[in-house]
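Subject: Structure handover

Hello,

I am passing the structure on to you with this email. My notes on what was found in it follow below.

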Amino acid sequence: MADEMDITARLSLAQWHLTRSDQLRLGLIGRAGGILSANALVITGVVLISGFNSSPISPIIGALTLVSLAATTYSTISAIGVFTGSRFIPEVSIGYEDRIPIAFSYSDTISKISSAKDFHHTFTTQTTAEILDAAALELWRCICVHHARTKKLGSATRWMLISAATLIAAAAARIFLGIF
């Protein structure tokens, strides 16, 4: 009975971590949304600088605005990757193909179990240890996906900062060339 309590306590801890993982995911998604908004502002700035008047644009301003747009595009792609997660999710569970994390990973459950009757049987006959194994596998997947999303968010942030810096440089060049 003491071992069962230990497994139950571990299962409770896994549940806490899975809940925390969901909160972390939402935080990353919110930050990625902020980066997308900043990218929209940079694009607006590029349009304003490029089309400020009908006179031709100098090659310096044109090059800076193109660099800014390219960096914004890469930042946007990286930020969208935070929303969609990683395309390498199946690789995360290598070595666990025989285990089905019932009620933790819905996509795996649907791909391995074909009917409500099979699901009910599999779900109700699991031992606490098997449930803990499934929770641990899902927690591992969440950790890997969070890591991938964090890397994408870092990339999106760096490219957004590059795009903003080149936008500022283009604005400065526009002012400098307009004055002189």
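To begin with the cysteines, there are zero disulfides in the structure. C142 takes part in none, and the nearest cysteine sulfur to its own is that of C144, 9.4 Å away. For C144 the closest cysteine sulfur is in turn that of C142, and 9.4 Å is too far for a bond, since a disulfide needs the two sulfur atoms within 2.5 Å. Please keep in mind throughout that this is a predicted model.

Next, the aromatic rings. The structure has two aromatic pairs. In one of them, the ring centres of Y74 and W159 are 5.1 Å apart and the planes make an angle of 65°, so this pair is edge-to-face; the angle has to be over 60 degrees for that label. Y74 belongs to helix α2 and W159 to helix α6 (residues 128–179), so the contact ties together parts that lie 85 residues apart in sequence. Both rings belong to partly exposed residues: Y74 has a relative accessibility of 43%, and W159 has a relative accessible area of 33%.

The other pair is F119 with F123. Here the centres are 5.6 Å apart and the planes are at 15°, so the pair is stacked. These two residues are four apart in helix α5 (residues 116–125), which puts about one helical turn between them. In an α-helix there are 3.6 residues a turn, so residues three or four places apart point the same way. F119 is partly exposed at 30% relative accessibility, and F123 is partly exposed as well, at 40%.

Helix α2, which carries Y74, has 26 residues and spans 37 Å from its first C-alpha to its last, close to the 38 Å expected at 1.5 Å a residue. Its buried residues are I61, T65, S68, A71, T72, S75, S78, A79, G81 and V82.

Finally, the surface. I43, V47, L66 and L69 make a nonpolar patch of about 350 Å². Two helices contribute to the patch, α1 (2–50) and α2 (59–84), each with at least two residues. Within the patch, V47 sits in helix α1 and counts as exposed, because its relative accessibility is 54% and the limit for exposed is over 50%.

Regards

Definitions and conventions:
Residues are numbered from 1 along each chain as its sequence is written. This is a predicted model: local features need pLDDT of at least 70, side-chain atom pairs count only at pLDDT 80 or more; totals for chains, interfaces and linings use all residues. Side-chain values use heavy atoms; hydrogens and water are left out. Patches are made of residues with over 30% relative accessible area and no salt bridge: like charges are joined within 9 Å, nonpolar side chains (Val, Leu, Ile, Met, Phe, Trp, Tyr) within 5 Å. Accessible areas come from the Shrake-Rupley method with a 1.4 Å probe; for residues, only the protein chains shown count as cover. A salt bridge is a side-chain nitrogen of Lys or Arg within 4 Å of a carboxyl oxygen of Asp or Glu. Buried means under 20% relative accessible area, exposed over 50%, partly exposed in between (1.4 Å probe, protein chains only). The expected span of a helix is 1.5 Å times one less than its number of residues. Rings of Phe, Tyr and Trp (its six-membered ring) pair if their centres lie within 6.5 Å; planes under 30 degrees apart count as stacked, over 60 as edge-to-face and the rest as tilted.
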